[in-house]
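Work through the following exercises with the sequence and the 3D structure at hand. Each task is followed by a solution in steps.

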Amino acid sequence: MLRLDVSTSEVKGLAFSRVEVNGAEQRDGITITEGAQVSGVRVVLVYGNATLRGQLSFPGSVSTPPAGVRMVVVARRVGGSDSRFTKGAEADARGRFQLEGLPAGEYEVQARSFGPNSPPLMSELMRVSVNESGDVTINLTLAPPEVRQQ
């Protein structure tokens, strides 16, 4: 079995986008058996140097998350040939987050929290445009899913 890991790339801003075989995207990866001859495989990497940063807030008078709660922010690129590109980051104890190395484009960004003795919270989906070398700051509010839908 062959495993390609570009998450530890020494080139800052270089990230995995997709694998193709003979021009067709392989969403579930490809299996290569021992001794097999393989051709037509293309590994697509994207380069980005934009930054998306922000602050998470909570509903009502709560200013900080309960102890032990983890908060994760995920940005998914939409449109274009790299629509499966996603990047995530964990927010710190004060709700601050930063995603670096994003390629220019449109992203859907959402935050979620989870932890012991705390109901799951999520933010509205926010669409954000990021320019090459750009630095964008956003604010997201975490709320229970039933509150978000009202």
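A salt bridge is a side-chain nitrogen of Lys or Arg within 4 Å of a carboxyl oxygen of Asp or Glu. The model is predicted, and side-chain atom pairs count only at pLDDT 80 or more.

**Exercise 1. Salt bridges**

Task: Decide whether the side chains of Asp-135 and Arg-53 meet in a salt bridge or not, and state which strands hold the two residues.

Solution.
Step 1. The N to O distance between the side chains of Asp-135 and Arg-53 is 2.7 Å, and the pair is a salt bridge.
Step 2. Asp-135 belongs to strand 11 and Arg-53 to strand 4, so this pair ties together parts that are 82 residues apart in sequence.
Step 3. Asp-135 has a relative accessible area of 48% and is partly exposed. Arg-53 is partly exposed as well, at 27%.

Task: Treat Glu-108 and Arg-127 in the same manner, and find which residues share a network with them.

Solution.
Step 1. The side chains of Glu-108 and Arg-127 meet at 3.9 Å, N to O, in a salt bridge.
Step 2. This pair links distant parts of the chain: Glu-108 sits in strand 8 (residues 105–115) and Arg-127 in strand 10 (residues 126–130), 19 residues apart.
Step 3. Buried means under 20% relative accessible area, and exposed means over 50%. Glu-108, at 19%, is therefore buried, and Arg-127, at 53%, is exposed.
Step 4. A network of salt bridges links Glu-108 and Arg-127 with Arg-76 and Glu-106.

Task: Are Glu-20 and its partner Arg-18 buried or exposed?

Solution.
Step 1. In the salt bridge between Glu-20 and Arg-18, the closest N and O atoms are 2.8 Å apart.
Step 2. Glu-20 has 10% relative accessibility and counts as buried. Arg-18 is buried too, at 9%.
Step 3. For the chain, the count comes to 8 salt bridges.

**Exercise 2. Two open sheets**

Task: State the strand order and the pairing of the sheet that contains strand 4, and identify its edge strands.

Solution.
Step 1. Three strands form this open sheet in the order 7-4-11, with mixed pairing.
Step 2. The edges are strand 7 (96–102) and strand 11 (135–141); each has a single partner strand, so one side of each is left without a neighbour in the sheet.
Step 3. Neighbouring strands here are turned by 20° against each other on average, direction ignored.
Step 4. Strand 4 (residues 50–57) pairs with strand 7 in the antiparallel sense over 6 bridges. Within this pairing, Ala-50 of the chain stands opposite Leu-102 in strand 7.

Task: Do the same for the sheet that contains strand 1: what is the order, and which strands stand at the edges?

Solution.
Step 1. The order is 2-1-3 in an open sheet of 3 strands, and the pairing is antiparallel.
Step 2. Strand 2 and strand 3 are at the edges with a single partner strand each, so one side of each has no neighbour in the sheet.
Step 3. Strand 1 (residues 14–21) and strand 3 are joined over 7 bridges in the antiparallel sense. Val-21 stands opposite Val-41 in strand 3.

**Exercise 3. A nonpolar patch**

Task: Which residues make the nonpolar surface patch, and which strand gives the largest share?

Solution.
Step 1. Phe-16, Ile-30, Val-38, Val-41, Val-43 and Leu-45 make a nonpolar surface patch of about 430 Å².
Step 2. Strand 3 (residues 41–47) gives the largest share, 3 residues.
Step 3. Val-38 lies in the loop between strand 2 (24–25) and strand 3. Val-38 is partly exposed, with a relative accessible area of 43%.

**Exercise 4. Gly-88 and the chain**

Task: Where is Gly-88, and which residues does Gly-88 contact beyond its neighbours within four places in sequence?

Solution.
Step 1. Gly-88 is in strand 6 (residues 86–90) and is partly exposed at 48% relative accessibility.
Step 2. Leaving aside neighbours within four places in sequence, Gly-88 is in contact with Val-73, Val-74 and Leu-99.
Step 3. From Gly-88 to Val-109 the C-alpha distance is 9.3 Å, with their positions 21 residues apart in sequence as the separation.

Task: How many helices and strands does the chain have, and what share of its residues is buried?

Solution.
Step 1. There are 1 helix and 11 strands.
Step 2. Of the 150 residues in the chain, 35% are buried.
Step 3. The chain exposes about 9500 Å², of which carbon and sulfur atoms supply 49%.

Technical notes:
Residues numbered from 1 in each chain as written. Predicted model: local features only at pLDDT ≥ 70, side-chain atom pairs only at ≥ 80, totals over all residues. Heavy atoms only, no water. Patch = residues over 30% accessible without salt bridge, like charges linked within 9 Å, V, L, I, M, F, W, Y side chains within 5 Å. Areas by Shrake-Rupley, 256 points an atom, 1.4 Å probe, with all protein chains shown as cover. Buried < 20%, exposed > 50% of the residue type's maximum accessible area, 1.4 Å probe, protein only. Pairing = 2+ DSSP bridges. Axes fitted to C-alpha atoms, helices over the stretch in contact; angles between N-to-C directions. Contact = heavy atoms within 4.5 Å.
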